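Hi everyone, thanks for making time for this. I'd like to walk you through one model today, so have a look at it first and then I'll start talking.

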Amino acid sequence: MKQESETKRKLFETALELIWESSYGSVSVDDICTKAGVNKGSFYYAFKSKSDLAVAAFERHWETKTPILDKIFSSQVPPLERLTNYCQGMVADQNEKYRTFGKMLGCPFCALGSELSTQDENIRKKVEQTSGRLMRYFESLVRDLAAEGLIESKDHTELAKELVSYINGVILQAKIENNPKGLDRLEQGALRLLNVKQASTVAV
C-alpha cells in the first residue's frame with residue numbers, strides 16, 4: 001500500500017508539472033512514466049488512462065490550494081484585503097513559475113479546460129467543478145464588499161463571475177505575451193471592475 005501511494009504521488013506531481021509546463025496533448029504516458037521513474041505497468045495498475053491521471057492530479061493540486069484559499073478568503077479578513085492578498089499571491093505564484101521554467105504558465109485549470117473541454121468530458125467536468133469551487137470564494141467576497149457598502153451589487157453571483165473572468169483573462173494574456181509584467185494591472189483592474197468606492201465615500 002505504501003509503495004502504491006508513493007507511485008501515485010510521483011505520477012500526480014509529474015503529470016501536473018509536465019501538463020502545466022507544456023500541454024496535455026504534447027505529454028505522453030511514456031513521458032510521465034520516464035520522468036516519474038515509474039514503469040508503465042505500475043501506471044496502468046494505478047490509472048486506466050492519462051485522462052484519469054490528469055483528473056486525479058489536478059484534484060490533488062486543488063486540495064493543496066484549498067487551505068491557502070481558505071486563509072485568503074477567511075471572513076475574519078476584511079474583504080478588500082482578501083482581494084489584495086489573492087491578486088498578490090497569484091502574481092507571486094506566476095512569477096515563481098516564470099523564474100523556474102523561463103516562461104509564463106498561466107492557470108493550470110484554465111489551460112487544461114480550454115484545451116480539452118470539447119474533447120474529454122471527464123476532464124471538462126473536473127475543470128468545471130474546480131471553477132465552481134473557486135467561484136464560491138469570490139461570491140463571498142462580493143457579498144461582503146456589498147454588505148460593507150464598498151460596492152453596488154444586485155447580483156453577487158454574476159459580479160463574481162465577471163471578476164473571475166477578468167482575472168483569468170489577465171493571466172491568459174500574460175501567458176500569451178510570455179510577460180509577467182502583464183500581471184501588474186491585475187489588482188487595480190479588479191478594483192475598477194468592481195467599482196470599489198473610496199473609503200471616504202462609504203457611510204459609517
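**A walk through the helices**

Let's begin with contacts: in the protein chain, of the contacts with a separation of 6 or more, 65% are between residues 24 or more positions apart. Before I go on, please keep in mind that this is a predicted model.

Now the overall picture. How many helices and strands does the protein chain have? There are 9 helices and 0 strands. So if you read the elements from the N terminus on, you just get α-α-α-α-α-α-α-α-α. The C-alpha atoms fill a box of roughly 65 × 35 × 30 Å along the principal axes. The chain has 204 residues, and 45% of them count as buried.

Okay, one helix to look at in detail: α5, which runs 79-101. Here's a little sanity check you can do yourselves. α5 has 23 residues, and at 1.5 Å a residue it should span 33 Å; the C-alpha atoms at its ends are 33 Å apart, so the two agree. Which residues of α5 are buried? The list is P79, R82, L83, T84, Y86, C87, M90, V91, D93, Q94 and K97. Notice that R82, D93 and K97 are on that list too, and those three belong to the charged class. Right after α5 comes G102, and its phi is positive, near 75°.

Next, the largest pocket. Its volume is about 750 Å³, and 33 residues line it. Nearest its centre are Y86, M90, C107, F109 and L134. Two of those names, Y86 and M90, you just heard among the buried residues of α5. Where does the lining come from? Helices α4 (50-72), α5 (79-101), α6 (108-116), α7 (121-147) and α8 (156-177) each bring at least two residues to it. Which helix gives the most? That's α7, with 8 residues. As for the chemistry of the lining, it splits into 17 nonpolar, 11 polar and 5 charged residues.

Since α7 came up, let me show you a residue from it. L141 lies in helix α7. Buried or exposed? L141 has 0% relative accessibility, so it counts as buried. Leaving out residues up to four places away in sequence, L141 touches F73, P79, R82, L83 and L163. Three of those partners, P79, R82 and L83, are buried residues of α5. You can also try a distance here: L141 and V164 are 23 residues apart along the chain, and their C-alpha atoms are separated by 11 Å.

Another one to click on is H61, over in helix α4. Its relative accessible area is 10%, so H61 is buried as well. Apart from neighbours within four places in sequence, H61 is in contact with L16, W20, P108 and F109. And F109 is one of the residues nearest the centre of the largest pocket.

Now, cysteines. A quick reminder: a disulfide is a covalent bond between the sulfur atoms of two cysteines. For a pair to count here, the sulfur atoms have to be within 2.5 Å. How many disulfides does that give? The count is 0. Take C87: its closest cysteine sulfur is in C107, 14 Å away, which is too far for a bond. C107 isn't in a disulfide either, and the nearest cysteine sulfur to it, in C110, is 3.6 Å away. In terms of exposure, C87 is buried because its relative accessibility is 1%. C110, which is found in helix α6, has 31% relative accessibility and so counts as partly exposed. One more distance for C110: E158 is 48 residues away in sequence, and the two are 19 Å apart in space, C-alpha to C-alpha.

Last stop, two asparagines. N178 sits in the loop between α8 and α9 (186-194), and its phi is near 50°, a positive value in a residue other than glycine. With a relative accessible area of 33%, N178 is partly exposed. N195 is in the segment after α9, and its phi is positive too, near 55°. N195 has a relative accessible area of 59%, so it counts as exposed.

That's my tour, and I'm happy to go back to any residue you'd like to look at again.

Key. Residues numbered from 1 in each chain as written. Predicted model: local features only at pLDDT ≥ 70, side-chain atom pairs only at ≥ 80, totals over all residues. Heavy atoms only, no water. 1 Å grid on protein atoms, 1.4 Å probe; cavity = no way out; pocket = protein on both sides within 12 Å on 5 of 7 lines; lining within 4 Å. Points joined across faces, edges and corners; volume = space filled by probe spheres on them. Helix = DSSP H or I, 4+ residues; strand = E, 2+ residues; numbered from the N terminus. Expected span 1.5 Å × (residues − 1). Buried < 20%, exposed > 50% of the residue type's maximum accessible area, 1.4 Å probe, protein only. Contact = heavy atoms within 4.5 Å.
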